[in-house]
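Hello,

Here is the structure we spoke about, passed on to you with notes on what turned up in it. Please read the notes with the coordinates open.

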Amino acid sequence: MKPALLDKKPDYPRSWSALPNGAERKAMVESELEHITQQFFGYHLVKVGNLSSEVSLTKCSIKHCVNMVAKAHDAAGMRSLSREMALKESSVDGFVLVHELDFAQDPHQILREVDRAIMPDGDLAIVGFNPLSLTGLRKLMWFNRQSILHEARYFSVPRIKDWLQLLGFEVTRVKYMPYSKFFTNRPNNIVTRWCQRFLPQLASVYIIVAKKRTVPLSPIKPKWKLKPKFSAVGASIRAGGVNSEKPQS
């Protein structure tokens, strides 16, 4: 297993158009996130990164959505590095990270920043590339070196789940989206539906939905020491020994 921390930052996509078949991929992710974010609750949602910012979430139950990007972008709401978020602690109710970990130099630090800024019981959605898919296998092929997908990290679902659990997140759902140009140009035909039903773990893209859990501290009651119980007989004997008169001679 390769380390999560890289010495050099991977090439970061400016927009969905930088990805192969970016428009189709965006429509697929956007459709799934529309349904997922309907279950989110709160006042503030942050979409992290260029790809996340371009995703429209019109059905999201959280109405105040902020697009956070590192550099100037048409959809930017605020500028901040994902590894050093300019957000207060416990101030955000939900986060959406679309392929942000795939193109990150230090994905651990991004998740730590999310953990710092998210509210208790806050919601998190992570979209990533599946290394077990045909898209993941293309990363190993020599003719794909020029594609920006070759720069992607392709973290597996179990690995992301381990990171989240260490930070106190409970994974509530994993959604697979089996779209690949090796099968078809249309992401919604019978082939992709068959793959989604019978081979979901081989999908090219996944969405992990998690919730930040906080364990309440239960106060430990002190153990009260019981006072020793004296019998009535013993008490009368001791009383008689103290107050009895001296025998007459």
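Subject of the notes: helices, rings and loops

Leu33 counts as buried, because its relative accessibility is 0%. The residue belongs to helix α1. Please keep in mind throughout that this is a predicted model.

Leaving aside neighbours within four places in sequence, Leu33 is in contact with Val55, Leu57, Val96, Val98, Ala125, Val127 and Ile207. Leu33 and Cys60 are 27 residues apart in sequence, and their C-alpha atoms are 8.5 Å apart in space.

Leu33 has buried company in its helix: Gly22, Arg25, Met28, Val29, Glu30, Glu32, Glu34 and Ile36 of α1 are buried as well. Does the length of α1 agree or disagree with what its residue count predicts? Helix α1 covers residues 22-36, and at 1.5 Å a residue its 15 residues should span 21 Å; the end C-alpha atoms are 21 Å apart, so the two agree.

Overall layout

The protein chain has 249 residues, of which 44% count as buried. Its secondary structure comes to 7 helices and 7 strands. From the N terminus on, the order of elements is α-β-α-β-β-β-α-β-α-α-β-α-β-α. Taking contacts between residues at least 6 apart in sequence, 72% join residues at least 24 apart.

The segment before α1

Ser15 lies in the segment before α1. With a relative accessible area of 15%, Ser15 is buried. Its side chain is joined to that of Ser17 by a polar contact of 2.6 Å. Not counting residues up to four places away in sequence, Ser15 touches Leu51 and Glu54.

Glu54 comes up again with Ala76: the C-alpha atoms of Ala76 and Glu54 are separated by 9.0 Å, with their positions 22 residues apart along the chain. Ala76 is found in the loop between β2 (64-69) and β3 (78-79). At a relative accessible area of 33%, Ala76 is partly exposed. Outside the residues up to four places away in sequence, Ala76 touches Asn67 and Val69.

Helix α3

Which residues of α3 are buried? They are Pro107, Ile110, Leu111, Glu113, Val114 and Ala117. These residues cover an arc of only 155° around the axis, so they lie on the same side of α3. In general, an α-helix has 3.6 residues a turn, so residues three or four places apart point the same way. The buried residues of α3 pack against β4, β5, α5 (157-166) and β6 (169-177).

Aromatic rings

The count of aromatic pairs comes to 3. In one of the pairs, the rings of Phe103 and Phe129 have their centres 6.5 Å apart and their planes at 85°, so the pair is edge-to-face. Phe103 sits in the loop between β4 (92-98) and α3 (107-117), whereas Phe129 is in strand β5 (residues 118-129), so the pair ties together parts that are 26 residues apart in sequence. Phe103 and Phe129 are both buried.

Another pair is that of Phe155 and Trp163: with ring centres 5.1 Å apart and planes at 65°, the pair is edge-to-face. Phe155 is buried, and so is Trp163.

Ring pairs also link Phe103, Phe129 and Tyr154 into a cluster. Apart from ring pairs, there is a charge to look at: Lys212 lies over the face of Phe169, at 5.3 Å from the ring centre.

Backbone points to check on screen

Which sign does phi have at Ser90? The phi of Ser90 is positive, about 55°, although Ser90 is not a glycine. Ser90 lies in the loop between β3 and β4. Its relative accessibility is 34%, so Ser90 counts as partly exposed.

His99 also has a positive phi of about 55° and is not a glycine. His99 is placed in the loop between β4 and α3. At 2% relative accessibility, His99 counts as buried.

Regards

Conventions. Residues numbered from 1 in each chain as written. Predicted model: local features only at pLDDT ≥ 70, side-chain atom pairs only at ≥ 80, totals over all residues. Heavy atoms only, no water. Phe/Tyr/Trp six-rings, centres within 6.5 Å; stacked < 30°, edge-to-face > 60°. Helix = DSSP H or I, 4+ residues; strand = E, 2+ residues; numbered from the N terminus. Buried < 20%, exposed > 50% of the residue type's maximum accessible area, 1.4 Å probe, protein only. Lys NZ or Arg CZ within 6 Å of the ring centre and 35° of its normal. Expected span 1.5 Å × (residues − 1). Polar contact = N/O pair within 3.5 Å; in protein donor to acceptor, adjacent residues only side chain to side chain. Contact = heavy atoms within 4.5 Å. Arc of directions from axis to C-beta.
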